[in-house]
Amino acid sequence: MGYPILALCLMGVAAASAAVAQNWVAQSTGTMASLRGVSAVSPAVVWASGAGGTYLRTLDGGATWQAALVPGAGDLDFRGVRALDSHTAWLMSSGPGAKSRIYKTADGGAHWAPLYTNPDAGGFFDALAFWDARRGVVLGDPVDGQFVILTTDDGGQTWQRRTLPPALANEGAFAASNSCLLLRGKRGKQEVWFGTGGPSGGRVFHSNDGGRHWDVTGTPLRRDGAGAGIFSLAFADSRRGVAVGGDYGKPADAAGNVAVTSNGGRAWDEPAGAHPNGYRSAVAFLPGRKVWLAVGTSGSDISSDGGKSWKPFDSGAYNAIGTAAGDAVWAVGPGGRIARLQWR
């Protein structure tokens, strides 16, 4: 009697394993621009952005994509996009000085309004995020010894710079995936996190009140060079979070590329299990399946134990991840690459 029961159990394990297998399915985009921004509004509506003033939108889950250029912005690199619906989205370009800008559309991209141009010659925008239609945050590299945090409460028409703890020497942030900046919460507790890199970086800044006050915590992520540190943050809830990164100049090196927290970011630990299989530029949590995904230029990985151990499942190069309700997931990358995650 034991053998059939064992066989059934083994079959069940095999079936469960097969059920959670996954792979990226490429979608046709009509562009070869390098893409670093993606914002999934729903399983049907997704926006993406990239180099050469490029933005993209799909209204059918990626079956068809509309690729276009923001007029007059052909020399800008739109590394961040945040969409509210099929009509409303913000774009953030990254570059030195005035090359860092913010645009908004309210009509699906038919018209784009320039909202803000970085006034600091030594500044550089890294990430853009919004809690809702009115309240948002922009993160930029340090100017005059402090990271630039700009907040808006009118949809981006006006921006206010906040005061932060001092940045360390050669500390910066990475405009690799628009996910080194993370917002959570609603009115009353508007939380902001961002991760840093560089020889003095690998730190997480956190605010409980929308950017007015800050604390800073170190992490075990590597900070042994200008291209090393935290590239992306994600949280499953108010306590459980994952930070990924590494060194983008060493894409196959998994050393110091992941850390986890179980207390809302007050402390970060390096997991003892298998790390993501190289440098990773973005991480996301899928609440329905209770798994974490990480992508980078050397592949993709998945974790089903809270980030403690990771398993590679794809070797393609991707820069950023966008998720929507129902655990719909897209990844974007170089050469106009966009793919949707398929479960099988």
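A polar contact is a pair of N or O atoms within 3.5 Å; within protein, one must be able to donate a hydrogen and the other to accept it. The model discussed here is predicted.

Q: With the side chain of which residue does the side chain of Asp77 make a polar contact?
A: Asp77 lies in the loop between strand 5 (66–69) and strand 6 (78–83). Its side chain makes a polar contact of 2.9 Å. The partner is the side chain of Arg79.

Q: Is Asp77 buried or exposed?
A: Asp77 touches Gly50, Ala51, Met92, Ser93 and Ser94, not counting residues up to four places away in sequence. Buried means under 20% relative accessible area. Asp77 has 18% relative accessibility, so Asp77 counts as buried.

Q: What separates the C-alpha atoms of Gly211 and Thr151?
A: Gly211 sits in the loop between strand 16 (203–207) and strand 17 (215–218). Gly211 is buried, because its relative accessibility is 0%. Thr151 is 60 residues apart from Gly211 along the chain. Their C-alpha atoms are separated by 7.6 Å.

Q: Which strands stand at the edges of the open sheet with the order 1-27-26-25?
A: This open sheet has 4 strands, and the pairing is antiparallel. Each edge strand has a single partner strand, so one side of each is left without a neighbour in the sheet. The edge strands are strand 1 (22–27) and strand 25 (320–324).

Q: Which residue in strand 27 stands opposite Ala331?
A: Strand 26 (residues 328–332) and strand 27 (residues 338–343) run antiparallel. 3 bridges join them. Opposite Ala331, in strand 27, stands Ala339.

Terms used. Residues are numbered from 1 along each chain as its sequence is written. This is a predicted model: local features need pLDDT of at least 70, side-chain atom pairs count only at pLDDT 80 or more; totals for chains, interfaces and linings use all residues. Side-chain values use heavy atoms; hydrogens and water are left out. Two strands pair if DSSP finds at least two bridges between them. Helices (H or I, at least four residues) and strands (E, at least two) are DSSP runs, numbered from the N terminus. Buried means under 20% relative accessible area, exposed over 50%, partly exposed in between (1.4 Å probe, protein chains only). Contact means heavy atoms within 4.5 Å.
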